[in-house]
Amino acid sequence: MDVQTLYHLFQATFQPDTNVRIQAELKLKQLEGSQGTLLQSMQIIGAEESELHVRQAASIYFKNAIKRYWFETESTPAHLKINETEKDSIKGAILQLLAAAPTVIRAQLITALGVMLSNDFPSKWPGYLAQVQTLLQSQDPKVVFVGLIALKEVLRVYKFKIEDREPVDEIIGTFFPAIQQIGAGLMAADNIEAAEMLKLIFKCYHYTIQIDLSERQRDNASLVPWGTLFIQMVEKPVPAEGLPTDLEELEKHPWWKAKRWAYQCLNRLYTRYGNPAALTSESKFKEFANGFVRNFAPNILSAYLKQIELWVAKQAWLSPRVLCLIGNFFEESVKDKNIWSIMKPHSETLITHFVFPQLCFTAADEALWVDEPVEYVHSKIDMLEDFTSPSTAAVNFMTVMARYRQNAFMQILALANSVLQKYHDAPAEAKNPREKDGALVMVGNLAPLILRKKSLASMMEPFFVNHVFPEFKSQVPFLRARACEMINQFSDLDFEDNNNVGIAFTGLMESLRDSELPVKVTAALALRPMIRHEAVCEAMKPHLQFIMHELLAMTNEIDVDTLSDVMDEFVEVFAQDLAPFAVQLCEQLRDTFLRICEDMGAGKGTDGLDDLSDSAIDEASDKTMAAMGVLKTMGTLIMSLESTPEVLNQLELALMPVITFTLQNAIIDLFDGVFEIIDSCTFSSKAISANMWGVFELIYKTFKESALDFMEEMFPSLDNFISYGKEVVSQNENVQHMVYDMIETVMKSDRLGENDRVSACKLAESLLLNCRGHVDKYVAPILSLVFEYLAPVDKIQTVEFKVQSIEVVMNALYYNAGVTLRLLEENGWTQRFFGAWFGSLEKFSRVHDKKLSIIALCAILSVPVEQLPPALQNGWPQVLNGILSNFEGLPVAQAKRKEMEKMYNIGSDSEDEDDNDSDPEQSALESALAADEDGIEEEWVDDEEDVFDEGHEYLEYLAQQASKTRPDDRDDDEESEYDDLEEEIYFESPLDDLDPYVVFRDVFTGLQHHNPASYAELTKATTPEQQAFIMNLISTAETNQAAAAKAAAEAASA
């Protein structure tokens, strides 16, 4: 196709006639992969005589094609691949095109350039840096600007790259002195073009220090000029001419963006490389940090303090992002003794004039509350927002000061008390509710420290009576919300007067009825920790239906997963009280879930996802999290009502739309939660309904179409279908085929790992155990799948997969030992299997492993000797040794399991049993991490000392423990006791009903009576100790059998 025809196609995409536009788009789609189309698109983009909207259309088409087809995968169709000749031509022209392109088109080309570099640099684009250098040496500022863009894009490739950073070192050596000089020359300029170029220069530097600080950059010859440039940018007044009046637009102005990147570079240098208190003693940056904190960090602090001084005096405006970065730097500065000594004289001023104003309720907060209450709630509880929030940075700075520097802690409390007392004493017309809110925010965020100091904790009850409880009835909505938040933050406070507990609960209940959404949400979140008070728990019961109704109504209004967490807690704690209206509650949860899914646009496909805005992606993420939370609550509701089968049946019916909608629409983000719901339904009812068998077919269909990667999440549900629906599975060949097909698909898939194959092996085990005698035709295929991994010596990498693979064969032996032994012999697997099994008996450490081992070996003993493979006949006594070895370890495994059941309170009514037992390792860990509960003085450090984070201490503790418990001569990839598999205490199987002692006794004595020759061969090498052990096993069998008979008789007569 010629350029002119292509030009007309791009032109037609803007035609008002829908048919013309669609035809043009379809034709462009057909041209994808056509040789020369991308180069022709570049011609159109670069032609100044072309209409701007046509150039834009061509640039978007070009960018999308590069993103989709530049990097080839196995699935890329041959006709869509861009040939190497065309690629070379594109790479040769892209930078010149960037230089010629208008600003509105440049963004598309930069994206395309980034894709090319990430795939081709340096090996397939060796001349790139030479092209960049030519641009940077130009006398035309516009060309230099493009050179900086080109440099920034190549450095972006290495921003988070840990290895292969040689090109970065080359760039730093070759280009950085030059671009630093360019930046220094621009500092005196006031035009926007200078700001844009400085921003690019700072971004280039920041990209290189994200992961590492090179030796060259640590040298003063580099650090001083660069650091000076950053501080000059911090101190440079923003040119007033042409600045927007709208604050959001002002923050996006090029000069403020450039300033922000200068701050980010300084912060990164200090917090990542220049703060000795944040580095381990072995860090390669330790020497650099010691010099940096003495010679350079004080200059940064002085510059930042000067900016805050101007901001406080209202002589300068600081963008929210810059305020956040300054707060981050101040927080780190508290930890180093040298920098703290400079900051300490300013601490009271900073608390009063920097921290406190940012914690007060602002006019912007009020506008958001009134105009968009849903967004207000999100902004206050969304953790992701916190990373760039100046108020959060101020809170973090304040809490670190309070935690580690005693004088600052006292200054904070003194300020808060002063503000609150002033508010308390002032006449109504003189009260400032915004300031009171700020003071309560200060106190609330110090709650963990205050409550650990007994003398302060004892003062908090009257504090609440005087300053918090009255605000439940405030005319100011945000103070009503703050009262709820304070109850939440001080939830661990024990009120001596039960009346005050009642006041707090009543206040929260009234706030739950508030007309203002933020108040209601804050009250709901505060109710959750109040459950710990027994009196409150009882008081809540009459209001449960109302509380759950309000929680659901709020969830329908605002998609916040923390509300779902509150519902989940209420369902778990008040399960029996909610039982009378559990079905109604479940239906409401279902409707909420389906509403959220509809809002997410489920089932509409993902076309155009690339074009979603960040805000749209955030909103979708919020909705997904909210839907997950509702699913979790539904699952908790089911499990809590396990003992009420008639209610469970109704719940299952109510939840069917949730399950079918999610699976049919392939909402992958919610698969995990839905499979848990299916697991809960089938496990709790211990039966499979007709509706659930329909769900099984849907699971299979979903697995084949979109859920191959979810075998691990599916397995519990699939196991339930087989375990509790064994009669159907045993008779229904179609169900058997679907189960086997899933096993086979996972075992053969190249894109799945050993974790998934472990689940496939467990599914095979479930089929063989539950359907004995009904799935004969699948024994041989299942063994073939397993021996694809077992037969080669080193194909299996993990202990769990090895154990689970061997256990599939053990299950086959239990299913039909004669047939399985014959298959092993025919395929040459016998010696390999028994060598792998007996060579790793210690890995079969769980109760189920040992029972299965014993029963599988007993099944072998039941096979007539003449049917045994020769290798097994020769090693016949080893079978008995294997049984005895497993019996020796069985009591230990049972004891470990019992301890775990106690831990999870399974099968026991006492939660306090063995509470006094202590684990010395756990005690050591707690000692390493826990603070003194009697006072926070232990955390305060002398002003002449550095502060080391608890994370730093924890790493040191782990290193010490590793050196104690790990022998020096142990190779890293040797297996150790820590490779033991964890007991699966919720796992149920038909083996649970078998007593291995009774099974062994019956087989052993049967062999003795009916096949003396085989018995003699089996026992010919037993030692006296083994003979005594065998007699003990038989005696135990007798005892167990008698006890079981007695229990059965008592149960029958009950």
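Start by selecting Pro122, which sits in the loop between helix H6 (103-120) and helix H7 (128-136). Helices here are DSSP runs of H or I with at least four residues, numbered from the N terminus. Before going on, please note that this is a predicted model, in which local features need pLDDT of at least 70 and side-chain atom pairs count only at pLDDT 80 or more, while totals for chains, interfaces and linings use all residues. Residues are numbered from 1 along each chain as its sequence is written, and side-chain values use heavy atoms, with hydrogens and water left out.

**Backbone stops**

Stay at Pro122 and show the backbone back to Phe121. The peptide bond from Phe121 to Pro122 is cis, and its omega is near 0°. Most peptide bonds are trans, and most residues other than glycine have a negative phi.

With that in mind, select Asp164. Its phi is near 55°, a positive value in a residue other than glycine. Asp164 belongs to the loop between helix H8 (141-157) and H9. Is Asp164 buried or exposed? Asp164 is exposed, at 52% relative accessibility. The words used on this tour are buried for under 20% relative accessible area, exposed for over 50%, and partly exposed in between, with a 1.4 Å probe and protein chains only.

Next, jump to Lys686, where phi is again near 55° and positive. You will find Lys686 in the loop between helix H38 (671-685) and helix H39 (690-705). Lys686 counts as partly exposed, with 33% relative accessibility.

**Surface patches**

Return to Asp164 and add Glu163, Glu166, Asp169 and Glu215 to the selection: together these residues form a negative surface patch. Patch members have over 30% relative accessible area and no salt bridge; like charges are joined within 9 Å, and nonpolar side chains (Val, Leu, Ile, Met, Phe, Trp, Tyr) within 5 Å. For the sign of a charge, Asp and Glu count as negative and Lys and Arg as positive, with His and the chain ends not counted. Each charge is placed at NZ of Lys, CZ of Arg, CG of Asp or CD of Glu. Within the patch, Glu166 is part of helix H9 (residues 166-186) and is exposed, its relative accessible area being 54%.

For a nonpolar patch, select Met903, Tyr904 and Tyr986, which together have about 400 Å² of accessible area. Areas of this kind come from the Shrake-Rupley method with a 1.4 Å probe, and for residues only the protein chains shown count as cover. Met903 lies in helix H50 (residues 876-903), and its relative accessibility of 62% makes it exposed.

**Salt bridges**

Side chains of opposite charge can pair when their charged atoms come close. The cut-off used here is a side-chain nitrogen of Lys or Arg within 4 Å of a carboxyl oxygen of Asp or Glu. How many salt bridges does the structure hold? There are 35.

Select Asp437 and Arg482 as one of them; their side chains meet at 2.7 Å, N to O. Asp437 lies in helix H24 (residues 433-445) and Arg482 in helix H28 (residues 477-489), so this pair ties together parts that are 45 residues apart in sequence. Both Asp437 and Arg482 are buried.

Now try Glu153 and Lys152, a salt bridge with an N to O distance of 2.9 Å. Glu153 is buried at 4% relative accessibility, and Lys152 is buried at 7%.

Then go to Lys748 and Glu744, whose side chains form a salt bridge at 3.2 Å, N to O. Both residues lie in helix H42 (residues 733-748), four residues apart, or about one turn of the helix. Lys748 is exposed at 55% relative accessible area, whereas Glu744 is partly exposed at 22%.

To see a linked set, select Asp88, Lys91 and Asp120, which are joined in a network of salt bridges.

**Buried residues to finish**

Select Val519 in helix H30 (residues 517-530). Val519 is buried, with a relative accessible area of 0%. Add Glu485, which is 34 residues away along the chain: the two C-alpha atoms are separated by 9.2 Å.

Finally, select the cysteines Cys360 and Cys761. Cys360 is buried at 10% relative accessibility, and Cys761 is buried at 2%. How many disulfides are there, counting pairs of cysteine sulfur atoms within 2.5 Å? The count is zero.

Notes: Helices (H or I, at least four residues) and strands (E, at least two) are DSSP runs, numbered from the N terminus. A disulfide is a pair of cysteine sulfur atoms within 2.5 Å.
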